[in-house]
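Reader: I would like a close look at one part of this model rather than a general survey. Could you take me through that part piece by piece, and then place it within the rest of the chain?

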Amino acid sequence: VVDVAIQDYVADVASELTYQNHSPISIEVIFAFPLDPQMSIYSFQACSENAKVKAMLQDEAQQLHEATVGWENLEYLQNQSKCPGEVFACFLGTLAPGREMVVTLRYVQELSREPDGAARFVLPHTLHPYTEIYGGACAVHLPSTLFLLAAWNHLSSQLPYTLLLSASLQSPRGVANVQANCSLTPLIYTAQDRSTAQVSLAGSTPAHHDLELLVYFGGPSAVSAVVEKGDPGAPPGSLLSESMVLVTLAPSIPEVVPGQHQPGEFIFLLDTTFLEHAQVPPQSTDQDMPAVFPQDSLFFLLKSLPPGCYFNIYCYEATSMGIYPQSVEYTQSNLTEAMRCIPSASSSLDDTNLLGTLRSIYSTPRPQGHARQIFIFMTGLPPDKEAIAAEVCRHRNSHRCFSFCFSEDSVTLATALARETEGEATYIPTNNSMTAVVLQCLKRTLKPAAEVVSLSWTLPHGLEVEVLGGTPQFIFQGQYILLYAQIHGQAEDTTVTNGVMTLQCSLGGKDVTHTIEFPLCSQGDGRLAGHRLAARFLLQRLLPEAASGSGDELRHHAVEISLSSGIICPFTSYVGVRTSQRITWYRGPLALLAPSQSYIPCQIVLLRGFCKDTSCFPVTIWVPPGWLTAVRESWLALQRLTCGNAALPQWGACSKVSSLKYVDPTAFVLRSPVFLPWSTEDIVECQKLVALQREDGSWALSSGLACVLEVDEAEIKRKMPGEVLEQSIWATVLAVTWLHRPDKCYQDYCELLTIKAVTWLCSRAVSQLDKCLEAANNLLGSNVEANIFRL
């Protein structure tokens, strides 16, 4: 039974799962629930006729070590699973034949926003299993026969369970429609203004794919605000006690013409490995040909930047200084100077000074009207990773981070930096694809942005609003921002029932204002989904500072928020508490001494392995062999008899807690796509032509261009159509045609460069392009279509 409450782009899910043991013998049960990065559990309990287990949060510094007895039986999951990511797991003991166990699980989740404005909800795989092995529970015969409680023939169209799903929907804009990939009951409105509605699952559930709901609201809106009342039983002044405003920002940002002047500040942080990965030796001594730069990837990256932007380059040197004291305008002279000043791969660079380099960047002024985006290339894991995460978090609203890592040990930090700043993290396992991967990422960063974003509030006297974490300075096209704003104080005039929120930003140099009025009375259902997600967000902001050694005050504040909201953080741990018991909890045949404590193993486990791309959530395939548990129980019993509890493995209180503990790399790190292999000759051949391109996208007619095209310069001038008034137009058409030859495929490297060139041509010689292309095909012996000039 699943009950979903969706309020704009926030969901609260309450589920009750009943597992039955149809086996003739007792089985051991472990409940495992994979966690999506935007999801947080806040309540869990399991009940059988013999016992009740409830998951509770405790401060790790005060954690009882006895609570960990028997946890080693889940090490198998952590080491052997092929499904990476965070998993909530709880050991539920032994289930007798013919008996059943009821698991109650509640969690909150931020929902993704579709391009058409719909809120997208996907039922987790554990709550709607449809593969060969399903369910969050794993059951194993003791001592050695494997038995999966939820196995069935996945080719069958019948699922071996019944799913009852209902959803309550709410939005101040009104609920317009619900679409799903399964049968639903008609939408029933529970308010005259259609701000609330209900819908349920009807008929059979989908047997071979995820269950997905798309909730459409009354109309597209750049901004919305929903008030959620606090918990009257929470301590006064705490996060849960005061009202919370859930703010959605999604301004409509118009498209820009690719290749034209475009604002933006692009900063590149390089390490030694980045320079080593793309080393291409010079191939030409032609005095008219610029030297082929040894930094292949950086060369293409800088050449692909749009006109009108600003840029700078930093290396992890001890001085933490950039090529320029601060970012400079993207001009041909600045670009040439920057490439000349980049250190070679053999230079002695200090790869551990990423923190100092970031601080140097944050201390430099940002060009007005240009959104800052930082590209970080890292090899290994810096020793001061916590301080790096804290520094980026402090400046999260002023920039986006796009991190590229070449080793698995740096993936977690790269992912954390991207997550904090709404950027992207990419793991690059091979050298060949690095340039193409980086250029594809650059393409995604060139979307226009709303800048100088600010929020203002008009509320009754006595009330004030605090936006947790502040307001981002930029919102990029296709991005939506969910903010949590806490209302403090008491209203002096209780007759005023509405508040006003105003969003101001700049779009293309024009000031834009969006104003919305919202009721101050609660529009929630009392489940506090927004408050819990606000606690999760606030914990993410506090943890880097607290873990970097900024004092105990932040740590205590984080623990307080975690314990009051039920949202876990690295300073707290789940403990499974057995609240009632009538028979022996564990009856393993090899156990010499049954555990006597009232605690059972329960924790967030970070599984290693590879990610399956066929599902929105990691597939729940857990096969912990029962004999492993029994042997470890025996070992623990022997430890108690011989050495006492003091000799047991210590888990719980940690001398150093990491803010990166619950970062799931698989959720943000994009595996490099497969690109066609490039030979060194192809790279150098293409690079020679690109080296001659100006920053505006054009080429000059020169001996260097003739050398690359392998055509005599005099012949090029003779074949220039008479209608062409500028030699650079003819030269640029030749270069674009050469890049589009059918026997060569430079698309991965030159897509942005070609767009810039075609934009320049279309702004100067639209009527001449067809004749120029015909002449270029004849001269180069190619057969390129005219559609290359249509953006």
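Author: The sheet and its surroundings

Trp457 has Met501 as its bridge partner in strand S28, and this pair is a convenient place from which to read the sheet in this predicted model. The connection between S24 and S28 consists of 6 bridges, and the two strands run antiparallel. Strand S24 itself covers residues 449-458 and is also joined to S26, in this case by 3 bridges, again with the strands running antiparallel. Within that second pairing, Ala449 is found opposite Phe476 of S26.

On the other flank, S28, which spans residues 498-507, is joined antiparallel to S29 through 10 bridges. Here Gln504 is matched with Thr513 in S29.

Taken together, these pairings give an open sheet of 4 strands, arranged in the order S26-S24-S28-S29, with antiparallel pairing. Strand S26 (474-476) and strand S29 (510-519) form its edges; because each has a single partner strand, one side of each is left without a neighbour in the sheet. Neighbouring strands are turned against each other by 30 degrees on average when direction is ignored. As general background, the strands of a sheet pair through backbone hydrogen bonds, either parallel or antiparallel. In a regular strand, moreover, side chains alternate between the two faces of the sheet.

Another strand to consider is S17 (residues 244-249), where Met244 lies. Is Met244 buried or exposed? Its relative accessibility is 0%, so Met244 counts as buried, the cut-off being under 20%. Once neighbours within four places in sequence are set aside, Met244 contacts Val226, Val227 and Glu228, as well as Leu239, Leu468, Tyr484, Ala485, Gln486, His531 and Ala534. One of these partners, His531, is 287 residues away in sequence, although the C-alpha atoms of Met244 and His531 are 6.6 Å apart in space.

The nonpolar interior can be described next. The largest nonpolar core holds 83 residues, and the members that touch the most others are Phe33, Phe44, Phe88, Leu92 and Phe121. Helix H9 (residues 529-547) is the element that gives the most to this core, with 10 residues. The core takes at least three residues from domain 1 (2-228) and at least three from domain 2 (243-256 + 450-521). A second, separate core contains 78 residues, among them Leu692, Ala731, Tyr746 and Val758.

Phe33 shows in detail how one member of the largest core is surrounded. Not counting residues up to four places away in sequence, Phe33 touches Met39, Ile41, Glu86, Val87, Phe88, Leu105, Tyr107, Pro124, Thr126 and Leu127. Cys90 is placed in strand S6 (residues 85-95). With a relative accessible area of 0%, Cys90 is buried. Its C-alpha is 9.5 Å from that of Ala46, a residue 44 positions away in sequence. Two further cysteines are also buried, Cys315 at a relative accessible area of 3% and Cys401 at 0%. The structure has 0 disulfides.

Helix H5 (residues 354-362) offers a view of another covered element, with 7 of its 9 residues buried. Those buried residues are Leu354, Leu355, Thr357, Leu358, Ser360, Ile361 and Tyr362. They pack against strands S18 (265-270), S19 (310-315), S21 (372-378) and S22 (399-405), and also against helix H6 (385-394).

Gly219 illustrates a loop position, between strand S15 (212-217) and strand S16 (223-228). Its relative accessible area of 22% makes Gly219 partly exposed. Gly219 and Arg173 are separated by 46 residues in sequence, whereas their C-alpha atoms are 6.6 Å apart in space.

For the chain as a whole, the secondary structure comes to 18 helices and 33 strands, and buried residues make up 57% of the 791 residues. Of the contacts between residues at least 6 apart in sequence, 77% join residues at least 24 apart. The pair of Met244 and His531, with their positions 287 residues apart in sequence and 6.6 Å between their C-alpha atoms, is one example of residues far separated along the chain.

Notes:
Residues are numbered from 1 along each chain as its sequence is written. This is a predicted model: local features need pLDDT of at least 70, side-chain atom pairs count only at pLDDT 80 or more; totals for chains, interfaces and linings use all residues. Side-chain values use heavy atoms; hydrogens and water are left out. A disulfide is a pair of cysteine sulfur atoms within 2.5 Å. Buried means under 20% relative accessible area, exposed over 50%, partly exposed in between (1.4 Å probe, protein chains only). Two strands pair if DSSP finds at least two bridges between them. Axes are lines fitted to C-alpha atoms, for helices over the stretch in contact, and angles run from 0 to 180 degrees between N-to-C directions. A nonpolar core is a set of buried Ala, Val, Leu, Ile, Met, Phe, Trp, Tyr and Cys residues joined through side-chain atoms within 4.5 Å. Domain bounds come from an automatic or database domain assignment. Contact means heavy atoms within 4.5 Å.
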